Amino acid sequence: MTGSPQKRKKAGSMEKSAEYYIEGVLNGDRVAVAQAITLVESNAEKHFEKAQQMIEELQQKETSSIRIGITGVPGAGKSTFIDSFGTYLCSLGHKVAVLAVDPSSQVSKGSILGDKTRMERLSRNPDAFIRPSPSSGILGGVTRKTRESIIVCEAAGYDVILVETVGVGQGEFAIRGMVDFFLLLVLTGAGDELQTMKKGIMELPDLVVVNKADGDNRDHAKKAEHEYNHILHFLKSYTQGWETKAVTASALHETGIQEIWETINVFAQKTKESGMFDGRRKLQQKEWLYEMIEEQLKHHFFQHTYIKGNMQSYEKDVVEGKRPVSGSVKELISAFLSR
């Protein structure tokens with residue numbers, strides 16, 4: 001490159017066009033994929049518009065992928081499992097993308113920042129891509145950003161998308177609504193573990209995996225598998241026509257990994273044949289539409305000049321009992337719609 005250092009610095013800092021990101025992603029450039037997701041995650045208005053232009057183009061590409069949600073109680077070994085599972089899939093010729101999110105946290109920004117260092121083999125694999133997703137922001141929360149990150153990864157050629165969520169809580173319900181298959185990692189001692197789970201969590205997964213079924217823990221794991229299957233028998237499966245079961249595995253010793261992938265393949269085949277697979281994807285798009293409408297309305301409401309200038313006064317009056325909550329809301333909404 002010719003020119004002065006000042007000119008080169010200026011050229012290097014120029015805003016990249018949507019076409020730049022589109023071309024790089026479609027070519028499978030890992031750097032471009034990372035940059036495209038950074039664009040999606042940005043809360044700047046100008047980046048939001050550019051990201052939407054990029055996503056609109058990328059989602060036109062026909063892809064054949066399976067989106068797998070993975071969650072688990074603390075200590076269940078999600079990082080080790082994803083490292084083993086993802087490495088196994090890469091050995092079969094798949095390209096694997098890992099996205100980690102924490103919709104319930106405004107502080108931690110997800111656990112993958114630490115987990116990535118524990119996915120040693122997968123993080124070095126040229127056929128794998130690992131990326132954290134931030135928590136909510138002003139131009140759409142983690143749901144939008146994760147969905148759009150999935151589109152970016154699929155357009156780049158990643159055919160297995162692993163979406164990890166932190167802990168067991170509201171995040172599971174958000175992730176369930178954007179994946180095809182949902183996997184719950186648990187430990188031995190089913191009765192004790194169930195006490196830590198929020199009501200309804202056990203009705204979400206398509207497969208329950210009792211992890212760390214190795215060494216002296218193997219017999220305990222088999223007992224837990226039996227207990228979970230007993231519980232699952234009385235619960236309605238989230239996926240119509242599919243019977244959710246519990247299995248054992250050891251991510252550390254890589255036992256049960258192949259069987260889990262075979263189960264996922266059977267699931268994909270059955271749901272595609274029944275129309276459930278495509279039907280779920282269409283329903284998720286519809287839900288995303290309404291979520292985005294709510295997010296955008298909320299964003300524009302709080303960015304409104306009158307709202308920004310008077311919200312603090314309304315808050316003070318409501319807290320001190322000088323204004324009723326419902327009346328204040330009515331006034332603010334009227335001001336938003338009329339100005």
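This is a guided tour of a predicted model, with selections to make in a viewer and a note on what is found at each stop.

**The whole chain**

Begin with the full protein chain, coloured by secondary structure. The chain has 15 helices and 7 strands. It holds 339 residues, and 47% of them count as buried. Among the contacts with a separation of 6 or more, 78% are between residues 24 or more positions apart.

**Strand β2**

Select residues 96–101, which form strand β2. Is this strand enclosed or open? All 6 of the 6 residues of β2 are buried, so the strand is largely enclosed by the rest of the structure. Now show the side chains. In a regular strand, side chains alternate between the two faces of the sheet. Here Val96, Val98 and Ala100 point one way from β2, while Ala97, Leu99 and Val101 point the other way.

**The neighbours of β2**

Add residues 128–132, strand β3. Of the 5 residues in β3, 4 are buried, and the strand is mostly covered. The pairing of β2 with β3 is parallel and runs over 5 bridges. Two places to look at are Val98, which stands opposite Ile130 in β3, and Ala100, which stands opposite Pro132 in β3.

Next add residues 160–165, strand β4. The pairing of β2 with β4 is also parallel, here over 6 bridges. To find one of the bridges, select Val101 and its partner in β4, Thr165.

**The nonpolar cores**

Stay in β4 and select Ile161. Which residues does Ile161 touch, leaving out those up to four places away in sequence? They are Ile66, Arg67, Ile68, Ala97, Leu99, Ile150, Cys153 and Glu154.

Ile161 also belongs to the largest nonpolar core, which has 45 residues. To see the members that touch the most others, select Met54, Leu58, Val152, Cys153, Ile161, Val208 and Tyr228. A second core, separate from this one, has 34 residues, including Ile66, Val98, Phe181 and Leu185. As background, nonpolar side chains tend to be buried together in soluble globular proteins.

**The largest pocket**

Switch to a surface view. Rolling a probe the size of a water molecule over the atoms shows where empty space is left. The largest pocket has a volume of about 480 Å³. To centre the view on it, select Gln59, Thr63, Arg67, Glu154 and Arg281, which lie nearest the pocket centre among its 22 lining residues. Two elements each give two or more residues to the lining: α8 (142–155) and α13 (276–303). Which of the elements supplies the largest share of the lining? It is α13, with 7 residues. Coloured by class, the lining shows 7 nonpolar, 6 polar and 9 charged residues.

**Helices α2 and α5**

Move to residues 18–26, helix α2. Its buried residues are Ala18, Tyr21, Ile22, Gly24 and Val25. Just after α2, select Gly28, where phi is positive at about 75 degrees.

Then select Ser79, found in helix α5 (residues 78–91). Is Ser79 buried or exposed? The cut-off for buried is under 20% relative accessible area, and Ser79 counts as buried because its relative accessibility is 8%. Add Arg118 and draw a distance between the two C-alpha atoms: they are separated by 6.3 Å, though Ser79 and Arg118 are 39 residues apart along the chain.

**Two loops with positive phi**

Select Lys212, in the loop between β6 (207–210) and α11 (218–233). Phi of Lys212 is near 60 degrees, a positive value in a residue that is not glycine. Lys212 counts as partly exposed, at 35% relative accessibility.

Now go to Glu254, in the loop between β7 (245–248) and α12 (257–274). Glu254 is not a glycine, and its phi is positive at about 60 degrees. Glu254 is partly exposed, with a relative accessible area of 41%.

**Last stop: Val325**

Finish at Val325, in helix α15 (residues 325–338). Is Val325 buried or exposed? Exposed means over 50% relative accessible area, and Val325 counts as exposed because its value is 55%. Add Tyr314, which is 11 residues from Val325 along the chain; the two C-alpha atoms are separated by 9.1 Å.

Methods
Residues numbered from 1 in each chain as written. Predicted model: local features only at pLDDT ≥ 70, side-chain atom pairs only at ≥ 80, totals over all residues. Heavy atoms only, no water. 1 Å grid on protein atoms, 1.4 Å probe; cavity = no way out; pocket = protein on both sides within 12 Å on 5 of 7 lines; lining within 4 Å. Points joined across faces, edges and corners; volume = space filled by probe spheres on them. Nonpolar A, V, L, I, M, F, W, Y, C, P; charged D, E, K, R; others polar. Core = buried A, V, L, I, M, F, W, Y, C linked by side-chain atoms within 4.5 Å. Buried < 20%, exposed > 50% of the residue type's maximum accessible area, 1.4 Å probe, protein only. Contact = heavy atoms within 4.5 Å. Pairing = 2+ DSSP bridges.
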